[in-house]
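Hello,

Here is the structure I promised to pass on. Have a look at it first, and then read on for what turned up.

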Amino acid sequence: MTETAATFKAKSTIKSADLEHRQKINFNIGRYNATVPQGKHQFENIELARERAKNMKWRALETLDQQLEEFEMQFTKRGGKVIWAQNSQEALDAILKICLEKNCKTIVKSKSMVTEEIHLNKFLEKNNIESVETDLGEYIQQLDGEPPYHIVTPAMHKSKEDVAKLFENKLGTPSKLSPEELTMVARDKLREKFIQAEIGITGANFIISDIGAIAITENEGNGRLSMAWPKTHIAVVGIEKVLSSITDLALLWPLLATYGTGQKVTVYNSIISGPKQTGETDGPDDMYVILLDNNRSNILLNPKQRESLYCIRCGACLNACPVYKNIGGHSYGATYSGPIGSVITPHLLGMNEYKHLSYASSLCGNCTEVCAVKINLHELLLINRQESVEEGLTTFSEKTAWKMWRMASLKRGLMNMGTGTLKNNVVNKLFKGWNKHRSDLQFSKKTFNEMWKERFNKSD
Ligand code: SF4
């Protein structure tokens with residue numbers, strides 16, 4: 001077992017026995033579950049809406065090369081600059097180069113999973129540049145020195161009391177502040193940073209190729225401030241975020257809002273097509289879009305896994321997953337957690353190191369049922385398992401176990417050997433790992449043959 005897999009197992013074991021954690025998660029996901037049906041009412045036919053959204057992403061991904069080139073052409077016409085980054089290091093180097101050119105000491109950041117993926121904050125810190133998270137959940141997580149717990153709700157595992165305590169410890173505020181008061185504290189601190197920052201960094205929910213713009217959706221307004229207040233705006237975006245037409249937003253924005261938080265539409269929705277133009281009063285002087293590949297092309301090359309690039313990061317599959325709800329977001333040890341994380345992480349970070357995530361699923365199919373864009377998630381988990389076997393990444397004991405199972409299943413004589421008690425003893429003692437977290441396997445006292453004969457004789 002790799003060290004990553006062993007850490008995953010150890011963390012999951014601890015978390016799944018943590019009842020306080022479970023209670024907080026159930027409370028927060030319970031609130032999500034209560035609001036999502038209200039959001040869905042805005043669609044006359046929700047199944048059709050999901051199907052159409054899937055088709056939009058399919059269309060964009062099937063012509064990804066053309067869409068990205070079209071985006072670059074349109075975006076640069078209005079003075080924007082596009083940087084193509086094949087991996088994390090290229091993206092980080094490009095950001096540092098801009099920071100040095102602009103003599104940047106402070107950066108304000110809005111919520112972005114892709115900047116988590118490239119570990120941007122740590123990199124900036126090493127280079128003596130302050131990077132401040134301005135989304136409230138991300139700000140809380142940064143204060144606590146933790147990565148986001150969930151792709152939509154970064155501090156989902158914290159109660160309001162936990163946040164009040166954190167603020168008391170880190171910012172010296174009174175211990176019993178209400179959520180509104182805590183928000184005002186964060187607001188005060190962050191306004192100062194917006195004024196200081198030379199650069200704002202954001203992600204993007206969508207790249208819109210026909211008009212050469214990016215689209216950002218958020219609830220707090222911090223994204224708008226991050227992109228428009230500092231003199232320079234850098235957006236770091238995964239190449240799969242592409243949409244071929246601005247008209248696709250008419251469906252994808254409300255769909256993302258509903259599946260993400262249960263809203264009909266998110267509070268602030270911005271389409272940004274470049275830096276400030278002559279005669280405009282707001283916006284940055286310079287705007288860069290970094291198009292990040294980071295192994296997404298490998299997923300695109302794989303005809304079965306390509307579908308996972310349709311993901312709009314709504315987080316619905318995480319909220320629906322019984323495994324996620326028990327082991328929590330941090331146990332995955334990867335930027336993207338839950339079912340979609342288990343599907344894409346082995347391809348983004350390496351099958352050998354992360355194949356175990358594809359086995360961390362009951363295959364109940366709940367993720368597939370709730371996915372905003374109908375990605376066949378549980379099927380893709382199975383395909384990951386298949387690919388890892390084909391790549392020869394299974395252990396000797398696992399291979400042996402399946403060989404024995406196959407032999408026994410193909411020979412009735414072998415199946416009928418020994419009593420149920422004997423089989424219980426052999427199997428439960430031989431496969432000790434199996435019953436560590438499960439009850440023992442229980443074989444029937446009689447073989448199938450015996451039961452069949454009895455039944456046949458009776459009906460005779
Ligand atoms: S896989 Fe589907 S449900 Fe999960 S985050 Fe992506 S779009 Fe949402």
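A residue counts as buried when its relative accessible area is under 20%, and as exposed when that area is over 50%. Please keep in mind that this is a predicted model.

With that cut-off in hand, let's start with the aromatic residues. The whole structure holds seven aromatic pairs. In one of them, the ring centres of Tyr 139 and Phe 167 are 6.2 Å apart and the planes meet at 85 degrees, so this pair is edge-to-face. Tyr 139 belongs to helix H8 (residues 136-143) and Phe 167 to helix H9 (residues 160-171), so the contact links distant parts of the chain, 28 residues apart. Are these two rings buried or exposed? Tyr 139 has a relative accessible area of 8%, which makes it buried, and Phe 167 is buried as well, at 0%.

Another pair is made by Phe 448 and Trp 452, which are stacked, with 6.1 Å from centre to centre and 25 degrees between the planes. Both of these residues are exposed. They sit four residues apart in helix H24 (residues 448-459), so about one helical turn separates them.

There is also an aromatic cluster, formed by Phe 8, Tyr 149, Tyr 324 and Tyr 332. Elsewhere, Arg 313 lies over the face of Tyr 336, at 4.5 Å from the ring centre.

Now to the ligand, which you may want to bring up on screen. How many residues surround it? The answer is 14, and the closest are Cys 311, Cys 314, Gly 315, Cys 317 and Cys 371. Sorted by class, this shell has 12 nonpolar residues, one polar and one charged. Two of the cysteines can be described further: Cys 311 is buried, at a relative accessible area of 8%, and Cys 371 is buried too, also at 8%. As for disulfides, a search of the whole structure finds zero.

Last, a sheet. Four strands form an open sheet in the order E8-E5-E6-E9, with mixed pairing. Its edge strands are E8 (242-243) and E9 (268-272), each of which pairs on one side only. Within the sheet, strand E5 (residues 206-208) runs antiparallel to strand E6 (residues 213-218), and three bridges join the two. If you would like one bridge to look up, Phe 206 has Ala 215 in E6 as its partner.

Happy browsing, and best wishes!

Key
Residues are numbered from 1 along each chain as its sequence is written. This is a predicted model: local features need pLDDT of at least 70, side-chain atom pairs count only at pLDDT 80 or more; totals for chains, interfaces and linings use all residues. Side-chain values use heavy atoms; hydrogens and water are left out. A disulfide is a pair of cysteine sulfur atoms within 2.5 Å. Buried means under 20% relative accessible area, exposed over 50%, partly exposed in between (1.4 Å probe, protein chains only). A residue is near a molecule or strand if one of its heavy atoms lies within 4 Å of it. Ala, Val, Leu, Ile, Met, Phe, Trp, Tyr, Cys and Pro count as nonpolar, Asp, Glu, Lys and Arg as charged, and the others, Gly among them, as polar. Two strands pair if DSSP finds at least two bridges between them. Rings of Phe, Tyr and Trp (its six-membered ring) pair if their centres lie within 6.5 Å; planes under 30 degrees apart count as stacked, over 60 as edge-to-face and the rest as tilted. A charge sits over a ring if NZ of Lys or CZ of Arg is within 6 Å of the ring centre and within 35 degrees of the ring normal.
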